[in-house]
Amino acid sequence: MAEPVISIAGLSKTYDTGFKALDNVDLDIRRGEILALLGPNGAGKTTLISIVCGIVNPSGGKVTVGGHDIVRDYRASRSMIGLVPQELTTDAFETVWATVSHSRGLFGKKPDPVHIEKVLRALTLWDKKDSKIMALSGGMKRRVMIAKALSHEPEVLFLDEPTAGVDVELRKEMWAMVRELRAGGVTIILTTHYIAEAEEMADRIGIIQKGKLLLVEEKSELMRKLGRKQLRLELQERLAAVPDELSSHGLELDPEGTAITYSYDAQSERTGISALLADLGRVGVRFKDLQTKESSLEEIFVNLLGDR
């Protein structure tokens, strides 16, 4: 397997208050992937990003970015990273062009107007290049944050809750841009509350809770392993309750009594469907239609955190 672009081993962080934000996290991030980190508020997502980006000091463990130790080779590792934080912090009185160009200079890169123009055009900020930041809408300010993060041509981009409070239109544009960056070889790590976003965007998904990394899986594998299927049967006649003879199947009757839902593990060799259909026939429950659906990543996520 190719050398990971970021390698995290035994990473821990305990704050002075005694709060353990990260607890022995191991994670290798592959070059050119989109990795989504999911988890409730306070799970440790932002702390993890802040440590890799050199904003917060770890209490233990080791992190390398492109082979550079984040503590020993701080400058080299940090110059490989672009960070778009949750908070919108920009110099209100600067113009878009000035603030993005200045960001590039902070990383010791020579001025490159051609690159800055390319970034601003990609983010539909070109016609706002001479506007002062304070004159921009919230969505535009967020674009400026992304432009600043890309100004020094990083190989790794961290997006911390990038679409929180962003309208649907901008969200779609941002994801198109993320895919484009990945196609250009940039590795992207995003934290998000929007599970549908991770489901659509990510190659792999990591789930963090209470400072522990519960799992990291290929998205498709996670959906396959933890996903359940549901069989919904539309009934010919209303039922007041599920007959006792069917209680072993764990059926759910909808409030109107016009449909029943059966959940089963799609991976299992025995789904139990044929036994269910035989029992329905025996009890005299007739159905007029049936359909199946697979659980979404959101349902998997909720069930997983519930199990813990």
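Which residue in β2 is the bridge partner of Thr 14? Lys 20 is the one, sitting across from Thr 14 in that strand.

## Before we dig in

What you're looking at is a predicted model, so a pLDDT of at least 70 is required for local features and 80 or more for side-chain atom pairs, while totals for chains, interfaces and linings use all residues. Numbering starts from 1 along each chain as its sequence is written, and side-chain values rest on heavy atoms, with hydrogens and water left out.

Helices (H or I, at least four residues) and strands (E, at least two) are DSSP runs, numbered from the N terminus. Two strands count as paired if DSSP finds at least two bridges between them.

## Around β1

Back to that opening pair. Strand β1 (residues 6-14) runs antiparallel to β2 (residues 20-29), and six bridges join the two. Together β1 and β2 make a hairpin with five residues between them. In the turn, Gly 18 has a positive phi of about 95°.

β1 has another antiparallel partner in β4 (residues 60-65), to which five bridges join it. Here Ser 7 stands opposite Thr 64 of β4.

## The four-stranded sheet

Further along there's an open sheet of four strands, with antiparallel pairing and the order β12-β13-β11-β14. β12 (252-253) and β14 (287-294) are at the edges with a single partner strand each, so one side of each has no neighbour in the sheet.

The pairing between β12 and β13 (residues 259-264) is antiparallel and takes two bridges. One residue match to look for is Leu 253 with Ile 260, its bridge partner in β13.

Leading into β12 is the loop from β11 (229-235), and Ala 241 is found there. Ala 241 counts as partly exposed because its relative accessibility is 48% (the partly exposed class lies between buried, under 20% relative accessible area, and exposed, over 50%, using a 1.4 Å probe and protein chains only). From Ala 241 to Asp 130, 111 residues apart along the chain, the C-alpha separation is 67 Å.

## Two nonpolar cores

A nonpolar core here is a set of buried Ala, Val, Leu, Ile, Met, Phe, Trp, Tyr and Cys residues joined through side-chain atoms within 4.5 Å. The largest one has 41 residues, and Leu 157, Leu 159, Ile 188 and Ile 205 have the most contacts inside it. Helix α5 (residues 138-150) supplies the largest share of this core, seven residues. Apart from it lies another core of 27 residues, including Leu 11, Met 80, Leu 83 and Val 156.

Take Leu 157: leaving out residues up to four places away in sequence, its contacts (heavy atoms within 4.5 Å) include Gly 82, Val 84, Ala 149, Leu 181 and Ile 188. Over in helix α5 you'll find Ala 147, which is buried, with a relative accessible area of 0%. With that same exclusion in sequence, Ala 147 touches Val 100, Val 119, Leu 120, Leu 123 and Leu 125. The C-alpha atoms of Ala 147 and Ala 98 are 12 Å apart, with their positions 49 residues apart along the chain.

## Asp 203 and its company

Asp 203 lies in the loop between α7 (195-201) and β9 (204-209), and with 27% relative accessibility it counts as partly exposed. Ile 34 is 169 residues away in sequence, yet its C-alpha is 5.4 Å from that of Asp 203.

Beyond its neighbours within four places in sequence, Asp 203 is in contact with Glu 33, Ile 34, Arg 182, Glu 218 and Lys 219. With Arg 182 there's a polar contact, side chain to side chain, at 2.6 Å. Such a contact is a pair of N or O atoms within 3.5 Å; within protein, one must be able to donate a hydrogen and the other to accept it, and residues adjacent in sequence count only if both atoms are side-chain atoms.
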